[in-house]
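Q: Please take a close look at one helix of this model and the packing around it. Then place it in the wider picture.

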Amino acid sequence: MQFYAERPIRRTAQLVSDLLALLLVIFAVWLATSVYDEVMKLRAPGDGLVDAGTGLRGTFDSAANSAGGLPLVGDALAKALHGGSDAGTKLVNAGHWQIEAVESLAWWMAAIIVALPVVTLVATWLPLRWQFTRRASAAARLRALGDEGMDLLALRALTTQPLRRLTSAGDVATGWRQRDRDVIEELAGRELARHGLVT
């Protein structure tokens, strides 16, 4: 597989674009992690509600158990104190709901921050790199065939090169018909150059 061009300028451009793509993904992951950590700090009030509700529930339950042993009013007082325990349970549930909401928000924000650049790269940069690799690999295989491959590359150049570039290659039509190796080599070289390869 021909992942990079053989021509220095194009290879350097490819390496820089690959490095920028990698840095973009690393930066997105770092940013997502930072945002996740910052948003998770918002769960502190929820933790406080859970702690307060647990403490309140424990206090009322303890008081209800103690009041249950009092003569005459013990059962009624214990029942009233258990109502306070229910308030503590509601506080705990509200705290858990807030913690879950903050965790969900943090996760989704981090996922979106990572997904946006990755999806952009997958939609733009990756197809271009794959297309180059596929075409350059095919051209390199033709070049490796020797004269037969160079003939095919020259023919491809005749069908794909702009007309003004063909006219600058000398007498292309006569050279092609007479199987002039110099003309064929020049045309094949142009086709290889189009794919970032050297002759």
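The answer below starts with one helix and works outward.

A: This is a predicted model. Its mean pLDDT is 85, and 83% of the residues reach 70 or more. Confidence varies by element. Helix α1 (residues 8-40) has the highest mean pLDDT, 95, while helix α7 (residues 172-177) has the lowest, 66.

Start with helix α5. It covers residues 147-160, which is 14 residues. Its end C-alpha atoms are 20 Å apart. At 1.5 Å a residue the expected span is also 20 Å, so the two values agree.

Which residues of α5 are buried? They are Gly-149, Met-150, Asp-151, Leu-153, Ala-154 and Ala-157.

Several of these names return in the largest nonpolar core, which has 12 residues. Met-150, Leu-153, Ala-154 and Ala-157 are among its members. The others are Ala-139, Ala-140, Val-183, Ile-184, Leu-187, Ala-188, Leu-192 and Leu-197. Three helices each supply at least two residues of this core: α4 (125-144), α5 and α8 (181-194). The largest share, five residues, comes from α8. A second, separate core has five residues, including Val-35, Met-40, Val-102 and Ala-106.

Now move to helix α1, where Asp-18 is found. Asp-18 has a relative accessible area of 14%; the cut-off for buried is under 20%, so Asp-18 is buried. Leaving out residues up to four places away in sequence, Asp-18 touches Tyr-4, Trp-125 and Arg-129. Two of those partners also meet each other: the charged end of Arg-129 sits over the ring of Tyr-4, 4.8 Å from its centre.

Helix α3 (residues 74-123) holds another buried site, Gly-88. Its relative accessibility is 0%, so Gly-88 counts as buried. Gly-88 touches Gly-53, Leu-56 and Arg-57, again not counting residues up to four places away in sequence. Gly-58 is 30 residues from Gly-88 in sequence, yet their C-alpha atoms are 8.2 Å apart in space.

Last, the rings. A pair of aromatic rings is described by the distance of the centres and the angle of the planes. The count here comes to two aromatic pairs. One of them joins Trp-107 and Trp-108. Their centres are 4.8 Å apart, and the angle between the planes is 90°. That pair is edge-to-face.

Definitions and conventions. Residues numbered from 1 in each chain as written. Predicted model: local features only at pLDDT ≥ 70, side-chain atom pairs only at ≥ 80, totals over all residues. Heavy atoms only, no water. Helix = DSSP H or I, 4+ residues; strand = E, 2+ residues; numbered from the N terminus. Expected span 1.5 Å × (residues − 1). Buried < 20%, exposed > 50% of the residue type's maximum accessible area, 1.4 Å probe, protein only. Core = buried A, V, L, I, M, F, W, Y, C linked by side-chain atoms within 4.5 Å. Phe/Tyr/Trp six-rings, centres within 6.5 Å; stacked < 30°, edge-to-face > 60°. Lys NZ or Arg CZ within 6 Å of the ring centre and 35° of its normal. pLDDT = per-residue confidence, 0-100. Contact = heavy atoms within 4.5 Å.
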